[in-house]
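Please follow the account below with the sequence and the model side by side. It leads from a single loop residue to the strands, and then to the helices.

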Amino acid sequence: MTLPTVRPSSSFGHRVVTRVARSALGIMVVRNVGSRVDPTLIRLTGGRLSSVAPFPAMLLTHTGAKSGVTRTSTVVYFTDSDRVIAIASNFGAPHRPAWYYNVKAHPEVTLWGRGFGGSFRAEELVGRERDQLFQPATAASSPYEHYERTAGKPIPVIAFHPSR
């Protein structure tokens, strides 16, 4: 599977969304409204539009770590050659997003984004490799550096590899 090239960006739109995503109101809107609207919006627009546009967002379908229930989450991503990269920030909250624990317990997932879709296997990146991929996400206009300071601990970086 060939993945489209998606890189973190610093456009005016990215800077505006970053500012909103750092505010309590912005976080509340994305959590409560975006999580309900995004799956339909992403499917209808072929992945071109979401509540966090212009950031690219994908649908991550995963299995609950404890419940075993299939769930779908909207996650911002970028690509690194043959991998899809996601930052498990949870808006700077001290706990990780639920999808993080789910993919750690059940790494076989389904991703659907602009120009790609299918079965993938999740892997948490650590050490130097994690830092090398977290750095471009923070260097671009994104709220991740702020979220990491707010959370008070390193934010996990997850790589999704296409299943063969």
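Thr45 is placed in the loop between α2 (24-44) and β1 (57-63); helices (H or I, at least four residues) and strands (E, at least two) are DSSP runs, numbered from the N terminus. The model is predicted, so local features need pLDDT of at least 70 and side-chain atom pairs count only at pLDDT 80 or more, while totals for chains, interfaces and linings use all residues. Residues are numbered from 1 along each chain as its sequence is written, and side-chain values use heavy atoms, with hydrogens and water left out.

Is Thr45 buried or exposed? Thr45 counts as buried because its relative accessibility is 16%, where buried means under 20% relative accessible area and exposed over 50%, with partly exposed in between (1.4 Å probe, protein chains only). A polar atom of the Thr45 side chain lies 2.8 Å from the backbone oxygen of Leu41.

Beyond this loop is the barrel, which six strands close in the order β1-β2-β3-β6-β5-β4, with antiparallel pairing; two strands pair if DSSP finds at least two bridges between them. From one strand to the next, the twist averages 45°. Strands β3 (residues 83-87) and β6 (residues 157-162) run antiparallel and are joined by four bridges. In this region, Ala86 stands opposite Ile158 in β6.

The last element is helix α5 (residues 144-151), in which Tyr144, Tyr147 and Ala151 are buried. Seen down the axis of α5, its buried residues fall within an arc of 55°, so they line one face of the helix; the arc is that of the directions from the helix axis to the C-beta atoms. Just after α5, Gly152 adopts a positive phi of about 75°.

How values were computed:
A polar contact is a pair of N or O atoms within 3.5 Å; within protein, one must be able to donate a hydrogen and the other to accept it, and residues adjacent in sequence count only if both atoms are side-chain atoms. Axes are lines fitted to C-alpha atoms, for helices over the stretch in contact, and angles run from 0 to 180 degrees between N-to-C directions.
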